Amino acid sequence: MSSCALNNGTDGTSYSFVPEPEGLRIIRTVIFSLLMALSLVGNFVVCRAVWRQRGAKPFAHYLVSNLAFAEILGSVCVVFRVHADEPPWSWKLGPVMCKIVDPLQIASLLVVTTTLAILAVYRCLVLVRPLITKPTSRQARCLIIITWVGSITLSIPSSVFRVVKVYRIKCVDYHICEEIFPASYFHYQNTYSIFIFVINFVVPLLIMAVSYTLVSKKIREHIFVITRLRNAQSKAMSAACPSTCLGDMDAAGTNARTRAEEDQENIEVADMATNSRINTDSPYRNMGKNNKETENPLMPNSNESSRKNKASFDLESDLLKMVFAIVLIFVVCYIPYQIQFLLFEFNVESFKQWTHRYAFSRFAFTLTNLPNALHPVFYGMMSNFYRKAFIRMISCRTAE
């Protein structure tokens, strides 16, 4: 009898899995490599664009650069970590890196989800309360530091209790970097895992859902108001045009023009208020002021107001789509892996004995890296600032 005994767990339990087809593994590896390349390059460009920006930076730029840096750090940790989850399935970086790589990945992911939640709250406050005082650059830096300190603190237990264990299976030694609490603290391991799950996924998801629900409601209300104002403006212009063009000075014409001017003034005042809700720093926010130096103030201001209304309408529609896209990407990409995590933590035997568990876990893990690659793409789509940064990098031009 062979002296090599099976020892892949403390209780000798073993599970047989259907091996991942080689073609599927190659496709998954290629997709993972592309995601890592897009994440590292795209987020580097985002960080570089913000760091090289002269003068005072908007609060959102601080958050976006922090999010991009955390995603870079997380992607680097994933590249180091993924080798142990592929053939020959053995940790080769030693016990020191075992205590650094995974906890650092946990901390970076905590920063990512926390920053996404803060961005959601900030967008909600800017839209719902446009006159609220914006955070200063010092406050932004303090918030970022608190985020990192808190995330690293929460990941310390994972680092302290992470060890490299050797399992001998069919005469082959496998070194596995895993989190194992001592016997005296073993009953806290599941509690700690659930706590990290709640802080890392449940709480940010709830915050984003509530914030983006309020944002969506406010934007839809604004779009409804703009639509009514545009209809009222069209009626006012149609009523004022005959008296303006024909010079009819009778009582009916005078009353119609008076009503049109009053409607136009109301439209301009409401338009100024609605535009300040979208972007208080917009160069178009004062376009609705009455121009008393012109002979016919109604028609020029009407054209400017119409263009401004249409631009605001299009901007808010795009923002609404982007809001739902960000939430959808976050939920779709993280839920499969988190479900797997919970099933494994609660020792659900039907899941542990599932023959396709390994292939499922690999694709669920790959899917969690998709947001890191897509976020820079979203920034380039929704922001001229980041779009120009990407164009300068591709064309090898420096900032003006």
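This is a conversation between a colleague and a modeller about how features of a predicted model get their labels.

Colleague: What is the overall make-up of the chain?

Modeller: The model is predicted. The chain has eleven helices and two strands. In sequence order the pattern runs α-α-α-α-β-β-α-α-α-α-α-α-α. Of its 400 residues, 37% are buried. The exposed area is about 22,500 Å², and carbon and sulfur atoms supply 66% of that.

Colleague: What share of the contacts with a separation of 6 or more comes from residues 24 or more positions apart?

Modeller: That share is 75%.

Colleague: How do you know that strands β1 and β2 pair?

Modeller: Pairing needs at least two bridges. Strand β1, residues 162-169, and strand β2, residues 172-179, have eight bridges, in the antiparallel sense. Therefore they count as paired. Val163, for instance, stands opposite Glu178 of β2. Tyr167 has Tyr174 in β2 as its bridge partner.

Colleague: What joins β1 and β2?

Modeller: They form a hairpin, with two residues between them. Lys170 in the turn has a positive phi of about 55 degrees.

Colleague: Why is Val166 called partly exposed?

Modeller: Its relative accessible area is 44%. Buried is under 20% and exposed is over 50%. The value of 44% falls in between, so Val166 is partly exposed. Val166 lies in strand β1. Beyond residues up to four places away in sequence, Val166 touches Asp173, Tyr174 and His175. Val166 and Ser90 are 76 residues apart in sequence, with their C-alpha atoms 9.1 Å apart.

Colleague: And Leu93: what makes that residue partly exposed?

Modeller: Leu93 has 31% relative accessibility. That is neither under 20% nor over 50%, so Leu93 is partly exposed. Leu93 is in the loop between α2 and α3 (94-128). Leaving aside neighbours within four places in sequence, Leu93 contacts Phe80 and His83. Val164 is 71 residues from Leu93 along the chain, and their C-alpha atoms are separated by 9.9 Å.

Colleague: Why is the Tyr185 and Tyr188 pair called tilted?

Modeller: The structure holds eleven aromatic pairs. In the pair of Tyr185 and Tyr188, the ring centres are 6.4 Å apart and the planes meet at 40 degrees. A pair needs centres within 6.5 Å. Stacked is under 30 degrees and edge-to-face is over 60. An angle of 40 degrees fits neither, so the pair is tilted. Tyr185 is partly exposed at 43% relative accessibility. Tyr188 is partly exposed too, at 46%.

Colleague: How do you know that Phe351 and Trp354 form a tilted pair?

Modeller: Their ring centres are 6.4 Å apart and their planes stand at 40 degrees, so the pair is tilted. Phe351 has a relative accessible area of 8%, under the 20% cut-off, so Phe351 is buried. Trp354 has 35% relative accessibility, so Trp354 counts as partly exposed.

Colleague: Which residues form an aromatic cluster?

Modeller: Phe161, Phe181, Tyr185, Tyr188 and Tyr192 form one cluster.

Colleague: What makes you say that Lys352 sits over the ring of Phe344?

Modeller: The charged end of Lys352 is 4.9 Å from the centre of that ring. The distance cut-off is 6 Å, and the charge must also lie within 35 degrees of the ring normal. The charged end of Lys352 is listed as sitting over the ring of Phe344.

Colleague: How do you know that the span of helix α1 agrees with its number of residues?

Modeller: Helix α1, residues 22-51, has 30 residues and should span 44 Å at 1.5 Å a residue. Its end C-alpha atoms are 43 Å apart, which agrees. Among its buried residues are Arg28, Phe32, Leu35 and Met36. The buried residues of α1 pack against α2, α9, α10 (370-382) and α11 (384-394).

Colleague: Why is α2 called largely enclosed?

Modeller: Of its 24 residues, 18 are buried, so the rest of the structure largely encloses α2. Its span agrees as well: 34 Å is expected for residues 59-82, and the end C-alpha atoms are 35 Å apart.

Colleague: What makes α9 mostly covered?

Modeller: Helix α9, residues 357-367, has eight of its eleven residues buried. They include Arg357, Tyr358, Ala359 and Phe365.

Technical notes:
Residues numbered from 1 in each chain as written. Predicted model: local features only at pLDDT ≥ 70, side-chain atom pairs only at ≥ 80, totals over all residues. Heavy atoms only, no water. Helix = DSSP H or I, 4+ residues; strand = E, 2+ residues; numbered from the N terminus. Buried < 20%, exposed > 50% of the residue type's maximum accessible area, 1.4 Å probe, protein only. Contact = heavy atoms within 4.5 Å. Areas by Shrake-Rupley, 256 points an atom, 1.4 Å probe, with all protein chains shown as cover. Phe/Tyr/Trp six-rings, centres within 6.5 Å; stacked < 30°, edge-to-face > 60°. Expected span 1.5 Å × (residues − 1).
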